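Visitor: I would like to learn how to read a few features of a structure. Please take me through them one at a time.

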Amino acid sequence: MAAFAPPTDGVADVYPRNAIARLAVAAALACGALTLAQPASAAGPFERGPNPTDSLLEASRGPFSTSNQSVSSLVTGFGGGRVYYPNDTSQGTFGAIAISPGYTASWSSLSWLGPRIASHGFVVIGIETNSRYDQPASRGRQLLAALDWLVEDSPTAVRSRIDPSRLAMAGHSMGGGGSLEAADDRPSLQAAVPLAPWNLTKNWSGVRVPTMIIGGENDSVASVTTHSQPFYESIPASSEKAYLELNGASHFFPQTTNTTMAKSMVAWLKRFVDDDLRYDPFLCPAPRGTAIEEYRDTCPHS
Ligand SMILES: CCCC(=O)Oc1ccc([N+](=O)[O-])cc1
């Protein structure tokens with residue numbers, strides 16, 4: 001059996017998780033029937049930053065220093081906001097994510113997320129909505145308008161840093177419901193992260209975008225049993241998805257610094273926006289800890 005053991009020199013990542021399939025790959029490699037097109041240890045083209053660790057993902061900032069600029073309310077399709085971006089221009093472009101606040105709230109309610117996510121190598125736009133009373137479908141359209149503005153009309157310092165093929169969105173409450181609407185409308189998006197999402201629509205069987213839903217166990221505005229859980233279960237198993245339920249958290253957990261939420265959110269964005277397999281171990285096997293009430297997933301990710 002030793003001859004069929006997965007190698008330990010960096011190519012172990014090419015092995016399927018299924019034990020029989022692993023043996024088949026090992027045997028094919030050993031007898032020359034299969035060759036690796038490239039060393040499996042080669043970095044993916046969108047990997048940015050150092051190898052991730054627990055402490056890197058749990059720190060208040062990632063490895064990139066960032067700048068930010070106000071976005072005028074005179075833009076088309078959304079209400080302006082603030083854009084955050086890594087200062088580094090030496091590693092190529094970055095993915096971009098638009099984030100919407102919830103009902104009656106402004107971006108300031110989530111603003112800790114701007115520099116936190118940007119410092120891991122993303123351009124982040126935190127939006128103001130056209131009206132504080134906009135419903136999820138409108139918030140979804142505004143998230144897409146913000147991504148279009150980033151790619152097409154933002155200042156050169158922002159636009160030049162963005163890879164237009166690697167876009168994502170997130171939002172809190174009705175903004176999270178809006179991020180589901182946007183994922184449903186634009187399957188070319190690479191990732192969605194609804195936070196305590198609220199939506200009257202419970203069926204998201206059309207969503208193909210890799211989606212991580214984060215809910216709070218004690219949410220009394222968008223209870224996980226009537227919102228996050230049915231949303232998650234309605235997304236087909238053929239789509240990449242995860243459900244993270246935070247132990248004892250209320251509806252308002254995204255409004256203050258939350259290490260468990262940020263760690264999983266960044267790992268999801270890195271894995272699916274940057275196709276960075278170094279972050280897979282932070283998603284599969286499921287993260288555990290006292291802050292986590294429950295985790296559901298589609299591991300292993302294909
Ligand atoms: C920060 C506000 C988060 C949010 O959107 O909360 C709400 C969600 C839904 C309703 N509602 O249906 O009335 C109210 C608040």
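Guide: Start with a pocket. The second largest one has a volume of about 210 Å³. This is a predicted model, where local features need pLDDT of at least 70, side-chain atom pairs count only at pLDDT 80 or more, and totals for chains, interfaces and linings use all residues. Residues are numbered from 1 along each chain as its sequence is written, and side-chain values use heavy atoms, with hydrogens and water left out.

Visitor: How is a pocket defined, and which residues lie closest to the centre of this one?

Guide: On a 1 Å grid over the protein atoms alone, a pocket is an open set of points with protein on both sides within 12 Å along at least five of seven lines; lining residues have an atom within 4 Å of a point. Volume is the space filled by probe spheres (1.4 Å) set on the points. Here 13 residues line the second largest pocket, and Glu58, Lys263, Pro287, Arg288 and Ile292 are the closest to its centre. Helix 2 (54-58) and helix 8 (259-273) each give two or more residues to the lining. Helix 8 gives the most, with 4. Helices are DSSP runs of H or I, at least four residues; strands are runs of E, at least two; both are numbered from the N terminus.

Visitor: Which strands pair with strand 4?

Guide: Two strands pair if DSSP finds at least two bridges between them. Strand 2 (residues 81-86) pairs with strand 4 in the antiparallel sense, over 4 bridges. There, glycine 81 stands opposite isoleucine 127. Strand 3 (residues 94-100) runs parallel to strand 4, joined by 5 bridges. Alanine 96 stands opposite valine 123 in that strand.

Visitor: Is strand 4 mostly buried or exposed?

Guide: Buried means under 20% relative accessible area, exposed over 50%, partly exposed in between (1.4 Å probe, protein chains only). In strand 4 (residues 122-127), 6 of 6 residues are buried. Phe122, Val124 and Gly126 point one way, and Val123, Ile125 and Ile127 the other.

Visitor: How many aromatic pairs are there?

Guide: Rings of Phe, Tyr and Trp (its six-membered ring) pair if their centres lie within 6.5 Å; planes under 30 degrees apart are stacked, over 60 edge-to-face, the rest tilted. The count comes to 7. Tyrosine 84 and tryptophan 107 have ring centres 6.2 Å apart and planes at 55 degrees, so the pair is tilted. Tyrosine 84 lies in strand 2 and tryptophan 107 in the loop between strand 3 and helix 3, so the pair ties together parts 23 residues apart in sequence. Tyrosine 84 is buried at 6%, and tryptophan 107 at 3%.
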